[in-house]
Each structure stands twice: as structure tokens, then as C-alpha cells.
Amino acid sequence: MWYVIWTVTGKEEQAKTEIEKIVPKEYYDRCFIPQKKECRKYHGSWTVVEKALFPGYLFLETEQVEGIFFGLKKMPQFAKVLKTGEAFVPVTDEEEKLIRHLLGDGESVDLSVGIIENQQVRVTAGPLQGLEGMIRKIDRHKRKAYLQVEMFERMLDIAVGLEIVEKR
């Protein structure tokens, strides 16, 4: 099962390194930070950069969440397993399915390509294909699509790369 670890935004990689050092490997299968590729304009040219898909969160795949919890208590940096009341709550099947769809075979959301037809977005390539109904807003200038999804028991806005190549 996947569990979400909350940490300080911008310190996800540092928290992942600490977890890999402090928490015994037999307690978890994988620790990862879902990334996204997006276009940024630097000095007049577009560059593809990778950023955290969920800033402030990383994921652990484990069946022994209690062992993870006690390991995290030893970390000098603040990190905790998300829970409801006293129970640790794994990522739901729907959330995991969506994240796996976005990530494909890797740990990063690739850029998508789309067109606008009759004021409607149609994604022609990339991980957003089939998820057009979740797109809340498009910023053509920044080449981003904003999705509104229910994750971690609340509504989140996620920005992912989308280039609109044509408007009809």
C-alpha cells in the first residue's frame, strides 16, 4: 500500500534521503517523490524542468506503516505519516490509480499536448489524455493545465505541463 509522508515544502528530497538512512529497508518497498515536467522560460528560451507533483509530500510503499511511523520519530527533520484520527490512512485505490496513470512507467508526469476545439480542450498526447474532464483551467502562456482532484481527503489543485498547439 502507498502511504503519504508530509514534510516541509521544498525539502522532499532531503526527507527522502533521511528516511532511506534512518528507516530500515525491510519496513518499506519504495520511497519516492512523484515529479512533473513543466516548461519554464529562461532568457527567452523554453526549458523543461522537473518539480515535485505534490509539494511537501512523498510516498512510501509499505505494509508495515507502524514501523515507518516509529522510524520517522527519529528523524531530525519534521516528517509524519498522514492519518485520520489515530489511524494511518493509505492512499485510496482511486488516488493510486490516478497517480499511476499520470506517472506512466516512471516517477515523473510527462508533458501533454493538446488542441482547443470549440472552446473545449482535447489532449492528443501525454498523460492527460482521457482526463480532460478534470482540467479546471489552462494557462497557455505558461504551458500548464490545472487539475482539481480529491487527494489526501481534500481538494487539491495540481499543475501539470500541457502545450496547446492549435486552436480551432
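Two strands count as paired if DSSP finds at least two bridges between them, and the strands themselves are DSSP runs of E with at least two residues, numbered from the N terminus. The model is predicted, so to speak of local features requires pLDDT of at least 70, side-chain atom pairs count only at pLDDT 80 or more, and totals for chains, interfaces and linings use all residues. Residues are numbered from 1 along each chain as its sequence is written, and side-chain values use heavy atoms, with hydrogens and water left out.

**Exercise 1.** Describe how strand 12 is joined to strand 13.

*Solution.* Begin with the pairing: strand 12 and strand 13 run antiparallel and are joined by 4 bridges. Then locate a bridge, in which Lys137 has Tyr146 of strand 13 as its partner. Finally, turn to the connection, where the two strands form a hairpin with 4 residues between them, and Arg143 in the turn has a positive phi of about 60°.

**Exercise 2.** Place strands 13 and 14 in their sheet, and find its edges.

*Solution.* The open sheet has 5 strands in the order 11-10-14-13-12, with mixed pairing. Its edges are strand 11 (120–125) and strand 12 (135–139), each of which has a single partner strand, so one side of each is left without a neighbour in the sheet. Within the sheet, strand 13 (residues 144–151) pairs with strand 14 (residues 154–167) in the antiparallel sense over 8 bridges, and Ala145 stands opposite Val160 in strand 14.

**Exercise 3.** Identify the bridge partner of Glu38 in strand 4.

*Solution.* Strand 3 (residues 35–42) runs antiparallel to strand 4, with 8 bridges joining them; the partner of Glu38 is Val49.
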